[in-house]
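Hi there,

Here is the structure I promised to pass along. Have a look at it first, and then read on for my notes.

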Amino acid sequence: MGVILVVAAFFRLYQLDSAPPGLQYDEAYNGMDALRVLQGERPMFFEGNNGREPLFIYLVALSVALVGKGVLAVRLVSVVMGLAVVAGSYFLVRRLYGVPVALISAGLLSVSFWHVLVSRWGYETGPLLFLEVLALLLFWEAIDKGNNIAALGGGVALGASLYTYPSSRFLPIAFLVFVVVSALLKPIFIKERGRSLIIFFAAALVALIPLGQYAVTHSQSFLLRTSQTNDIRYILEKGDFGPFLGDSLNALAMFSLRGDPQWMYNFSGRPLFDPVTSLLFYAGVGLVLARFRDPRHALALITVGVMLVPIAITGQSPHLVRAVGIIPFLYLFPALGILWLWQRVAIRFVVHGQKMAVAFLALLFLATAASTYYHFFQVWAKEPQVLQEYDADLVDGLHFLQRYNGSERIFLATEQPNHPAVAFLAPHAEQVRQFTGFSRFTGRSTLVLPAAGDILYLFPRWMTPSAEQMASFASMQPVATGRDMDGKPSFVAYRLDSQALAAARSVTPQKVLNKDLGGEVRLVGYVAPSEIRSGEELPLILYWQPLGRAKDDYRITFSITDDRGQRRSWRWLTGDDSYPPGLWEDGDLVITKYGLGLYPGLPRGEGWVTVRFAPPRSEAGGLSATLGPVRWLTNPTPPPLQFLGARSFTRARIADDLLLLGWNKGEGNFQPGDRVPVTLFWQALQKGVENYRFAIQWVDGEGRLWDAAPRLLAGGVYPPGEWAPGEVVRDDVASPLSVRMPPDRYQAHLKVFLGERLVSRLSNLFSIQVVPGQREYREPSLPHSVYARMGDDMELLGYRLSPEGIASPGELKVTLYWRALKKMERDYTIFLHLLDDSGRLTGQVDGPPRAGQYPTSRWAPEEVVEEERYLPLPQGMTSARYQLRVGVYCFPQMERLPISDNRGNSLGTSLLLQEIPEGG
């Protein structure tokens, strides 16, 4: 056993700081929380990072106190626990099956790829395995010998195991199942060992009391991770056992067919056992099943079966971390198979049988050890995916910062905002400003150019800007480069002195705006192409200049809208997705890079990009700027169906040259007179598609038909004769409902015409619910009446304010009352502006009525529409009086409707509601 522990120690200590490479996010988070413990915090449960039990983190805190802050301090706890598990499993199996089986089991476990990785990774599973082995060993001593002292210690170990990792919550179930099975197989079992069982489970409950109290009072955070039991949700909500059965089969397949595909936990897809060990494993399982009445076999098999349940119910199988509870008995089954084979060989070959068996064991042990050494240290630890999963590039850069003596301000690019490795490893971490690197067309792309000073930028390998992106900052000189285990650069550090910084800040963006967004930030300009194809991403680089520290982490929203007011792309970001505006400092130049994906299949068109800078709780408020125009061309290459955006597929053949792939429809109920948003996806089957027209026909429950006028495919802007063979074209339609349609369930039928001839009719394409109209036609009593006409389409009756004046910076609630003068074909945008006494815009809410939920095209003639708007007010308000103005424009052309009073006198394009004195 001493030799086995020496081998186990080698596999768990060799290159511990570099295999696994770096420091994975969860490891770093544990290290960061350990520092909190050393600073005096004593939580019973750590709520960050989806919630974690406390025992491992307290042990890491002890390790940090002993050996200092670093990668080794986090992983040494797992190493110690891993060695203890190897030794503990030996004593457990020896107590159950004797020395030969125990030596074989412990020997194979000592060189197991899976347990070597678990023993070197700074995660909560190490203490779980040790306490599980200890609980099993003492439990067996209690029920086999009636040892009540062992029962007490085993119960404490079981209760303590629940302070480690969520899978531990299944361990008490394993013990309970064993007790029930034992009582069924041997009715006097409870009578013989009842006292020991009571002591065991009572001790476990007492040990669990502190964590149990927290779980009861903080159930939401405590159960957050266990809420991932997706397969149980399918069973309870839908009665669907399919996912559970599939994951159960995957769990069984991981032993010899296919393992965990995640590089972070495994050599991707590698099963737990090689072919030889697999045969021995199944032989051992067969022996245990055949002799299940033996309580030793029952305990081993029940423990493994129950501890496999976490990966059978969470919708992700196989998953080696969640299945970690099977490790104590993992190599028992191959050991039993080897013992069975040994006995057969010894009987058949009396003279040389024992030597042959010993040689086979030695060969199996050496082959397993060699395979683990090669695959773990030489291949897995150098795999690029592993280097990325364990943030090896970031950790190497942080080690450089620990050695660096410069005085520059440090800007560090990280894949995830506020990466815990920085707080745990970086010297003076509070002085390191993290930003989510300028490397990709995603919401996590930022480059910060401060107002002055010398700067050090550190870009880890996976966040390094391309040569093209760095072209504008040619004055940045690399001062250090690291190397990953695969020989490629792990990070690059650039230095930018104050003179070079000034030069970099002087770069003028392609389009200059200098748009002041309410005194919080100025949108200096942007870079964007003027033409792209549908289905592609519009690369957009924005130049921001903070005007002081923002009071909130504003939401940045992007949309692309065509000249008919239809949205063609949309996305939003919060402070969690990028360098948050709440951290922007006065004088910074913040350069952010985004990609706005245009919907696939769009016919050619032109539109504008709208950037909205709004408080995170606001859906339609905030300040906006319009960029563009941008043109898009059709894309003859059909997109993959999964990226098309269709919620329903039909693949209905309309004619020899045209196919209807699928459709989307607007959600919710509709009223008579509404327009139902419908998107159809056509596909050309050959060159020269005929110039078809189509109409959506509505059929009520009594079979009555409600027809609509036919319209051209793609709105007539992209004639079908120009479509390429195989091309997919998106067709957005607002299908009108007659004001005379009674409430009912309506089926949508699609009719396609060539000239006046009906070519095809698709019945029951989808259905909608038409509900009784809830429109209001009565004019309310208002404190502020206006009666101002907006063009020939609508009239502002009046408004309410809450509060009536601006007592302090915050938010002003404005309720507007409109009356539709006719049926409107367009969806108008309503703006509400607050101007100071110099005419400068200091507050703004632009958007369609009711945050887009009730567009003007749905208003009926003479209908009165009430809508609330919340106007954010700026900080540092200095003007004596503010003007509150309202108006209507046609987006995205930004053409405002002319405003006139009830006598026909022109009031311009912006109506003054009232002047508001500050404190008023």
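Below is what turned up, going from the strands to a patch on the surface.

Please keep in mind that this is a predicted model.

Let's start with strand 31, which covers residues 881-890. Eight of its 10 residues are buried, so the rest of the structure largely encloses this strand. Strand 31 runs antiparallel to strand 28 (residues 829-835), and seven bridges join the two. Strand 31 also runs antiparallel to strand 32 (residues 895-896), here with two bridges. Tyrosine 889 is a good residue to click on, as it appears in both pairings: threonine 829 stands opposite tyrosine 889, and in strand 32 the bridge partner of tyrosine 889 is arginine 896.

Next comes an open sheet. Its six strands pair antiparallel in the order 30-27-26-25-33-34. At the edges are strand 30 (864-872) and strand 34 (906-908), each of which pairs on one side only. Within this sheet, strand 26 (residues 794-802) and strand 27 (residues 811-820) are linked by eight bridges and run antiparallel. If you want a landmark there, find tyrosine 799, whose bridge partner in strand 27 is leucine 816.

Last, the surface. Which residues make the nonpolar patch of about 320 Å²? They are Leu62, Leu66 and Val67. Valine 67 belongs to helix 3, which spans residues 55-67.

Happy browsing, and do write back with any questions!

Best wishes

Note on methods: Residues are numbered from 1 along each chain as its sequence is written. This is a predicted model: local features need pLDDT of at least 70, side-chain atom pairs count only at pLDDT 80 or more; totals for chains, interfaces and linings use all residues. Side-chain values use heavy atoms; hydrogens and water are left out. Patches are made of residues with over 30% relative accessible area and no salt bridge: like charges are joined within 9 Å, nonpolar side chains (Val, Leu, Ile, Met, Phe, Trp, Tyr) within 5 Å. Accessible areas come from the Shrake-Rupley method with a 1.4 Å probe; for residues, only the protein chains shown count as cover. A salt bridge is a side-chain nitrogen of Lys or Arg within 4 Å of a carboxyl oxygen of Asp or Glu. Helices (H or I, at least four residues) and strands (E, at least two) are DSSP runs, numbered from the N terminus. Buried means under 20% relative accessible area, exposed over 50%, partly exposed in between (1.4 Å probe, protein chains only). Two strands pair if DSSP finds at least two bridges between them.
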